[in-house]
Amino acid sequence: MYSPEILREVLQLLQRDFKFRESGQWLRGGQCPGCGKKEVYTHAEKPVVLKCGRLDKCGWDQAVKDRYPEIFDDWSKRYKATPENPTAAADAYLVHQRGIDLQGLRGAYTQEWYQDPDRRISTATIRFDLPGGSWWERLIDQPGRFSKKARFAYERSWRGQWWMPPGVSIESLAGAEELWLVEGIFDALALRQNGIIAVSLMSSNNYPEIQLGLLRKAVAAREVAGKGPLLVWALDVGQAGTYYTRKFVKQSRKAGWEATAAQVRLEEDLGAKLDWNDLHLRDKLAPENLADCRWHGEVMIADTATDKAFLLWQRKQWGSFHFTFEGQTYWASFNANKIAETVAGYAENSKIAMLSYETKRDMAAREAGLVEAIANCTFRALYKQRDEATDETDYYLRVEFPTDRPSAKGPFSASSLAAGAEFKKRLLAIGTGAYWRGTTGQLDKIMAHQMVHIRDVEPIQFTGYSRAHKAWILGDIAVKDGRVIKVNDDGFFDFGKAAAVKLRTEERILDAIDYDPDRLDTSWLDDFWTAYRAKGLVVLGFWFGALFAEQIRVEQSSLGFLEITGLPGTGKTSLIEFLWKLLGRDNYEGFDPAKATAAALARNLGKVANMPVVLMEGDRDKDASHARKFEWEELKTAYNGRSVRSRGLANGGMETFEPPFRGAIIIEQNHPVDASPAMLERIMHLDFDKEGWTEATRMAAQRIDRWPIKTISGFILHAIRRETRVMEVFHAAYARHEAALKAMPAIRNQRLEKNHAQLLAMIEAMCVVLPIGAERVAAALDFATAMACERQLAINADHPDVQVFWEKFDWIELNQGENPAHPINHARDPKTTIAVSLVEFEQRCADRRISIPPINDLKKHLKTSKVRKFVANKPVNSVNGKILQCWVFQQPGAAGATPSR
């Protein structure tokens, strides 16, 4: 069934994920994602479906094409069309994706090409002609990129028609015993391959009135009299399929046809939503399987709820059970004793007494059975969601209605599922007008049935990379092992056993990702370079590296912060907003920590992973009376990925919640951060100015500012899908740059060496995704290296408050006049030592109306004085004969001097 190339790729992935052992023609012993037992098996030469051997206790199965869509999702690349075989990709799609034998089918389809006019993305298609001059085509190259996976010819009606496989005609159908009417063309082909005559309606709501009229004429024209074929309506599982199956069976019977139905499974049954092509791939279209499907169909088209209940009892022999009918939930009870009594009573009726026991039992069951509506809607448990951090558990249910009202989905607490009265309240809150009339006992039996195979879904409290699952969760898209995965119909990502995750709605921040795997728009790079030059590339490199912050910290335990400063109008805001567009976030820059509470700050830092966190204007003018000063020291722990805030859990225990910091910090403000040396060592500084700005620069910056997010938001997926290669380049570049920085005499701080080596490596790793150009990369690397040298000089300098102190001290000492009895320096040896009384210093500054930093700030920062090294704060015997409490420092160049006493 598979080509050798595809089979080889499939087997490699199966061995990677399941660690199978070979057993003849089978692969066995894989760990089941459903039950965790090593019972998964598949065929070694035709691994189409993975199955768990524990049929009764688990029953898990999965199509290989659904598990590894990257193999079965890009046909025109793998199978190139040629003049000799113009349908190469379409052929491969039918054979490998759908399991269809091409014998007798060639010529019934063509291979075409479709390009989305808005998104400029394209794909090969497989196209089938329809009656009435229309056609239908299926997109076959990563169809998940498009809003629809299939298309009809524009303004060409196919209503009232059906599609027939090759070799089938109206005349041949007139002599057939049965005709199955299904929705999809691939379903019809799958049934055809299993000996069943089937036609495709193209849609669940298309009644083929025209074709049935032609068939009626063909039946009448036959020499052998007959009513024509039995119509078997076999639409897809679901609310629409159920509604139209019932409608079309009645409509066709009224038109004089013999009609029945077939369904893959009962509405009440749980499990995957399979169609006839799926059953074909699973080898489940054997006669015994079809007999079950026919019974499912008979149950579906029962005229009344009582008739459906009887059919279920007749086959299952349940005493009491729930079922759904026409969008409502019912409860049926069949009392065995009452049925037996009724059968015994038939002995008095001679006509009935002559019937078989089974017939009498069925008659008695119809008489004795009780059927009542317990809800005016249907509901189904989808998954359990538990948040260990908050100790909260919810079960999500989908509620559907018999009317055209859309279905609803919402959380139900454990207590609301354990009591009928609480369930009644919650159901009414979730579904408008949804009403429960049943008992707690009936609810218990329904939920016990639905909870058998329910999934555990872990809520993710942040957007970005989950280290536990080794996957990026980005709104409705996830990336794991280089594969792009879309959220399923139930609202979560299924990563296999114990790895079903869901991004909480309130944590979604990326909603505009437009991804084309075949195309990455990099046309903005020239304008970006013109507008921001090497500085812009350095920021872009750090921004890119932020997408791998967790991986970097795993290997290197820390990740430096990037600080961008500059006067208003130098382009900082435009740059940051453009970079957010690359990640799919529009009209956003960052948040101001000075305006945030401690809780809000912690949540903003914790709501992303492997993404940047931009802190804006956090350092307010300290002299402004209305300004709240943000303490940058609070971010020290974020450098190593640790929590910036801890809070207690309201559960009566001693547990605390300390979420780690998983992102990368960018500080964007007008002035540099004013903080301790330890904090400044964690920051890589970059200053924006207008030097070199020209008219071309301005125009390029404006184009960057207006760049549409739709064309570039796929950048994030192109980047993270190349994780393996990016990290290989990063680690190699980091080792090289760290060694080079260590060899530079101008840099002596180990933390600076590490931070800037990371930045340099990020710039090189960025080239895995973006074609920047060697000269521009070299300019960015040179600029980042210069940043490291400048940062070393900045760290060597004194704190600004200390610099102000010494400036005022020197001025007073120089201008103290001819009164040596009142020196500002009380040291006995002023050439080697400085002894200053802060009280006296403050008084002299006040007398001269000289402003100085607050004395408490001076006391904190003077201990860090570097140019004039701090010695001690102690009593000093002044040159004027007094004993004063002084701050003692060494004069520059007097390291060996003896302090005054």
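**Exercise 1. Find which residues of α26 meet α27, and work out how the two helices cross.**

Step 1: start with the residues. On the α26 side, the ones that meet α27 are Val-726, Val-729, Phe-730, Ala-733, Tyr-734, Arg-736, His-737, Glu-738, Leu-741 and Lys-742. Their partners in α27 include Gln-750, Glu-753, His-756, Ala-757, Leu-760 and Met-762. Contact here means heavy atoms within 4.5 Å, and helices (H or I, at least four residues) and strands (E, at least two) are DSSP runs, numbered from the N terminus.

Step 2: sort them by type. The contact divides into 11 nonpolar, 4 polar and 6 charged residues. For the sorting, Ala, Val, Leu, Ile, Met, Phe, Trp, Tyr, Cys and Pro count as nonpolar, Asp, Glu, Lys and Arg as charged, and the others, Gly among them, as polar.

Step 3: look at the axes, which are lines fitted to C-alpha atoms, for helices over the stretch in contact, with angles from 0 to 180 degrees between N-to-C directions. Those of α26 (residues 723-742) and α27 (residues 750-766) come within 7 Å and cross at roughly 140°. That makes α26 oblique to α27, since angles under 35 degrees count as roughly parallel, over 145 as roughly antiparallel, 65 to 115 as roughly perpendicular and the rest as oblique.

Before moving on, two ground rules. This is a predicted model, where local features need pLDDT of at least 70 and side-chain atom pairs count only at pLDDT 80 or more, while totals for chains, interfaces and linings use all residues. Residues are numbered from 1 along each chain as its sequence is written, and side-chain values use heavy atoms, with hydrogens and water left out.

**Exercise 2. Decide whether Leu-741 and Gly-545 are buried or exposed, and list what they touch.**

Step 1: place them. Leu-741 sits in helix α26, and Gly-545 in helix α18 (residues 525-546).

Step 2: check accessibility. Buried means under 20% relative accessible area, exposed over 50%, partly exposed in between (1.4 Å probe, protein chains only). Leu-741 has 2%, so it counts as buried; Gly-545 has 3%, so it is buried too.

Step 3: list contacts, skipping residues up to four places away in sequence. Leu-741 is in contact with Ile-747, Glu-753, His-756, Ala-757, Leu-760, Thr-785 and Ala-788. Gly-545 touches Ile-552 and Met-762.

Step 4: compare sequence with space. Gly-545 and Val-726 are 181 residues apart in sequence, yet their C-alpha atoms are 9.3 Å apart.

**Exercise 3. Say where Lys-19 and Gln-142 lie, and what their phi values are.**

Step 1: Lys-19 is in the loop between α1 (4-18) and β1 (21-23), with phi near 55°, a positive value in a residue other than glycine. At 59% relative accessibility, Lys-19 is exposed.

Step 2: Gln-142 belongs to the loop between β8 (135-139) and β9 (150-152). Its phi is near 45°, again positive in a non-glycine residue, but Gln-142 is buried at 18%.

**Exercise 4. Explain why helix α4 is largely enclosed by the rest of the structure.**

Step 1: count. In α4 (residues 88-97), 9 of the 10 residues are buried, so the helix is largely enclosed.

Step 2: name some. Among them are Asp-91, Tyr-93, Leu-94 and His-96.

Step 3: look past the end. Just after α4 comes Gly-99, with a positive phi of about 70°.

**Exercise 5. Find where confidence drops.**

Step 1: pLDDT is the predictor's confidence in each residue, from 0 to 100. The chain averages 89, and 95% of the residues score at least 70.

Step 2: over residues 897-901, pLDDT stays under 50. Where pLDDT is low, the predicted coordinates should not be read in detail.
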